[in-house]
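Here are my notes on the model you sent over. Have it open while you read, and skip around as you like.

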Amino acid sequence: MSPGAGKRGGIDLGGTKIQAGIVGPRGKVYGEARRQTPTEGGPADVAREMAAALRDAAEQAGVDPASLQGVGVGSPGDVDERTGEVSEARNLPGWEGTFPLAKALSEDLGMEVRVGNDVQVATEAEFRLGAGKPYRTIIGVFWGTGVGGGLVLDGRPWLGRGAAGEIGHIVVKRNGARCTCGRKGCMEAYAGRAAMENEARREHDGGEKTDLFKLMRKHGRDRLTSGVWERALEHGDKLTEKLMDRAVEALGTGVASACNVLDPEAVILGGGMGVRFGESYSEPLRKEMLKHLFADDRPPALHVAALGDLGGAIGASLLFDE
Ligand SMILES: [Zn+2]
């Protein structure tokens, strides 16, 4: 038996990083690798970097990529699970149109590739293997570059007509801040890491003091990653505190609104920002949610994603779990 038997590849394509993993039965991770998501070029360049990350992970696992059962991808944007095409992934470079991601990766890696919605596969991974295991109905909230949501209702994934769970675009302020979707006042326009960065830049340019950009350069980054936000908080950076509070207020408002519709048993908080700040901000987040929860005598449980940063890649690999 080849060492790759029963193992699948999983790739989580994020706006900041590409996380790849080699995953066996019950979500066990045998090898992992990450690369920065290209900020320039186009979808073909992103796909090349994804294939490279998968090869890195396979090497770490000591597995021949060709022996894998297949590779699953969790992708942002509008994903057609049937064709493996991805459209309008606005947080990725040059991806306004439609790109055949499964086909490109399949040709590069020489195996079958399936593509699912990044947040939905990560939510299903938490439901099956992580913090959502005790529950039948959960909302996954993935707080990263943007804010995504995934739904499992009474044990079943809920995709709607393909666009369910877009929790980041719940309106938290009418005629509010401009969102990447082109509309105004979406939760993501306050809580998304990219929106927070834009606001930090605007205030910094307007003369507001902050260490955020100094820390970014010091750590060799070209954007305000969740790690940069964390360090700035440790420095007691006032603008950082203000923008984090603003983000958590928007998150609490939006998540509570979704809970008022679905009455889930639990909310699972994941994503780069969610995993990093989920514990330290859980009380402020609960407090903000309680202000807007209709059934405020029995709020849903709030958990940080148990599969952590690897949840997306593990979830993607489950696209091959028959
Ligand atoms: Zn929006």
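1. Asp45 comes out at 30% relative accessibility, so it counts as partly exposed. This is a predicted model, by the way, so read everything below with that in mind. The side chain of Asp45 meets that of Arg48 in a salt bridge, with N to O at 2.8 Å. Both residues sit in helix 1, three residues apart, or about one turn of the helix. Arg48 is partly exposed too, because its relative accessible area is 48%, which falls between the 20% and 50% cut-offs.

2. Staying with helix 1 for a moment: where does Gly62 lie? Gly62 is in the loop between helix 1 (43–61) and strand 4 (71–75). With a relative accessibility of 53%, Gly62 counts as exposed; the cut-off for that label is over 50%. If you want a long ruler across the model, try Gly62 to Gly140: their C-alpha atoms are separated by 32 Å, and the two residues are 78 apart along the chain.

3. How many salt bridges does a search of the whole structure find? The count is 22. One of them pairs the side chains of Lys17 and Asp309, at 3.7 Å from N to O. That pair links distant parts of the chain, 292 residues apart: Lys17 belongs to strand 2 (residues 17–23), while Asp309 is in the loop between strand 13 (301–304) and helix 11 (311–317). As for exposure, Lys17 is partly exposed at 22% relative accessibility, and Asp309 is partly exposed at 30%.

4. Another one to click on is Asp154 with Arg136, where the closest N and O atoms of the salt bridge are 3.3 Å apart. Here too the pair ties together distant parts of the chain, with their positions 18 residues apart: Asp154 is in the loop between strand 10 (147–153) and strand 11 (156–157), and Arg136 is in the loop between helix 3 and strand 9 (138–143). Asp154 counts as exposed because its relative accessible area is 52%, whereas Arg136, at 46%, counts as partly exposed. Back to Lys17 for a second: salt bridges with shared partners join Lys17, Arg34 and Asp309 into one network.

5. Now the domains. The chain is divided into domain 1 (8–122 + 311–320) and domain 2 (134–305), and note that domain 1 is given as two segments. The C-alpha centres of domain 1 and domain 2 lie 24 Å apart. At the contact, ten residues of domain 1 touch 17 residues of domain 2.

6. How much area do domain 1 and domain 2 bury between them? About 1,100 Å², with 48% of it on carbon and sulfur atoms. On the domain 1 side, the residues that lose the most area to domain 2 are Thr16, Val119 and Gln120, together 46% of what that side buries.

7. What holds across that interface, in terms of pairs? The rule finds zero salt bridges between domain 1 and domain 2, but it does find five residue pairs in polar contact, both residues at pLDDT 80 or more. Helix 3 (residues 118–129) gives the most to the side of domain 1 that touches domain 2, namely three residues. By class, that side of domain 1 has two nonpolar, seven polar and one charged residues.

Key. Residues are numbered from 1 along each chain as its sequence is written. This is a predicted model: local features need pLDDT of at least 70, side-chain atom pairs count only at pLDDT 80 or more; totals for chains, interfaces and linings use all residues. Side-chain values use heavy atoms; hydrogens and water are left out. Helices (H or I, at least four residues) and strands (E, at least two) are DSSP runs, numbered from the N terminus. Buried means under 20% relative accessible area, exposed over 50%, partly exposed in between (1.4 Å probe, protein chains only). Domain bounds come from an automatic or database domain assignment. Contact means heavy atoms within 4.5 Å. Buried area is the accessible area (1.4 Å probe) that two parts lose on being put together, summed over both. A salt bridge is a side-chain nitrogen of Lys or Arg within 4 Å of a carboxyl oxygen of Asp or Glu. A polar contact is a pair of N or O atoms within 3.5 Å; within protein, one must be able to donate a hydrogen and the other to accept it, and residues adjacent in sequence count only if both atoms are side-chain atoms. Ala, Val, Leu, Ile, Met, Phe, Trp, Tyr, Cys and Pro count as nonpolar, Asp, Glu, Lys and Arg as charged, and the others, Gly among them, as polar.
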